[in-house]
Amino acid sequence: MLPIVIALSGASGVTLGIRLLEAIPQERECYAIATDGAHEVLRREKLHNVQWLRDDDIGAKVASGSFLCEAMAIVPCSMNTLGKIASGIADNLTTRAASVCLKERRKLLLAPREMPFSTLALEQMQRLSLYGVLIAPPVAAYYANVQNLEAMERFWVGKWLDLLQIPHNLYERWGG
Ligand SMILES: Cc1cc2nc3c(=O)[nH]c(=O)nc-3n(C[C@H](O)[C@H](O)[C@H](O)COP(=O)(O)O)c2cc1C
């Protein structure tokens, strides 16, 4: 199976990116990037199957289309990173790897975190969605027996794993 790339940018809820990384199966090769905005929070975390890449290392392998990966997810995705990707700006490893996903027609998932969204951000999301990007913000669910924030986070991470086609058992599916 091909590797997965996960980037964390400087939006509130950067721990959600960590939860997603923790939920990637141990046997799956995984590369992670944290933008400067996300960096402070992450220094303490250690995950065995995850190789951390520096966001200013624009020459890292995920910056090349010749690096084969299954998908890239940016969780959480700041409006700054969203805007850069939607405008074709690739000035750090996160935005460069995302632009590679666009040009190679690979799966790209963004979890934008802002409230409310500006019209500009909504336009950028619409544009990216038309290019096939999955726009999957952490939106509350009320049908999955969610009793607390931890369960809500499991639901969001589970939904992102569904979109990345990674099996999990993190939330109760709607049974009709
Ligand atoms: C505590 C804190 C919380 C923030 N939360 C958000 C947020 O939820 N959404 C967002 O778009 N930006 C948020 N920002 C602003 C971004 O961090 C800022 O725009 C930064 O330039 C993003 O850089 P990056 O996209 O390279 O990570 C927050 C900043 C701080 C300091």
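**Exercise 1. In which strand does V75 lie? Work out its surroundings.**

The model is predicted: local features need pLDDT of at least 70, side-chain atom pairs count only at pLDDT 80 or more, and totals for chains, interfaces and linings use all residues. Residue numbers start from 1 along each chain as its sequence is written.

Step 1. V75 lies in strand 4. Strands (E, at least two residues) and helices (H or I, at least four) are DSSP runs, numbered from the N terminus.

Step 2. Count neighbours. V75 has 29 other C-beta atoms within 10 Å, so V75 is buried. The cut-offs are 20 or more such atoms for buried, 12 or fewer for exposed, and partly exposed in between, with C-beta atoms placed from the backbone.

Step 3. List contacts, meaning C-beta atoms, placed from the backbone, within 7 Å. Beyond residues up to four places away in sequence, V75 touches I6, L8, L16, G17, L20, A111 and W160.

Step 4. Check the backbone. The peptide bond between V75 and P76 is cis, with omega about -5°. P76 is also found in strand 4.

**Exercise 2. Place V75 and W160 in the nonpolar core.**

Step 1. Define the core. It is a set of buried Ala, Val, Leu, Ile, Met, Phe, Trp, Tyr and Cys residues joined through C-beta atoms within 7 Å.

Step 2. Give its extent. The largest nonpolar core has 48 residues. V75, A97 and W160 have the most contacts inside it.

Step 3. Trace W160. Its contacts, leaving aside neighbours within four places in sequence, are L20, A73, V75, L109, A111 and A136.

Step 4. Set this in context. In soluble globular proteins, nonpolar side chains tend to be buried together.

**Exercise 3. Reconstruct the sheet.**

Step 1. Order the strands. The open sheet has six strands in the order 3-2-1-4-5-6, with parallel pairing. Two strands pair if DSSP finds at least two bridges between them.

Step 2. Find the edges. Strand 3 and strand 6 (134-135) each have a single partner strand, so one side of each lacks a neighbour in the sheet.

Step 3. Follow the bridges on either side of strand 5. Strand 4 and strand 5 run parallel, joined by five bridges. Across this pair, A73 stands opposite L109, and C77 has P112 as bridge partner. Strand 5 pairs with strand 6, also in the parallel sense, over two bridges. There, L110 stands opposite I135.

Step 4. Judge the burial of strand 5. Five of its six residues are buried, so strand 5 is largely enclosed by the rest of the structure.

**Exercise 4. Is helix 4 (93-103) mostly covered or mostly uncovered? Describe its packing.**

Step 1. Helix 4 is mostly covered: eight of its 11 residues are buried. They are L93, T94, T95, R96, A97, A98, V100 and C101.

Step 2. Name the partners. These buried residues pack against strand 1 (4-8), strand 2 (30-34), strand 3 (50-54), strand 4 (71-77), helix 3 (79-87) and strand 5 (107-112).

Step 3. Leave the helix. R105 is found in the loop between helix 4 and strand 5. Its phi is near 55°, a positive value in a residue other than glycine. R105 counts as exposed because it has 9 C-beta neighbours inside 10 Å.

**Exercise 5. Where is V62, and which residues does V62 contact?**

Step 1. V62 sits in the loop between strand 3 and strand 4.

Step 2. V62 is buried because 23 other C-beta atoms lie within 10 Å.

Step 3. Outside its neighbours within four places in sequence, V62 is in contact with V5, Y31, L53, F67, C69, L93 and A97.

**Exercise 6. Describe the shell around the ligand.**

Step 1. Count the residues. The ligand is surrounded by 14 residues, each with its C-beta atom, placed from the backbone, within 6 Å. The closest are G10, A11, S12, T35 and G37.

Step 2. Sort them. The shell has three nonpolar, eight polar and three charged residues. Here Ala, Val, Leu, Ile, Met, Phe, Trp, Tyr, Cys and Pro count as nonpolar, Asp, Glu, Lys and Arg as charged, and the others, Gly among them, as polar.

Step 3. Assign elements. Helix 2 (36-42) and helix 3 each supply at least two shell residues.

Conventions
Contact = placed C-beta atoms within 7 Å.
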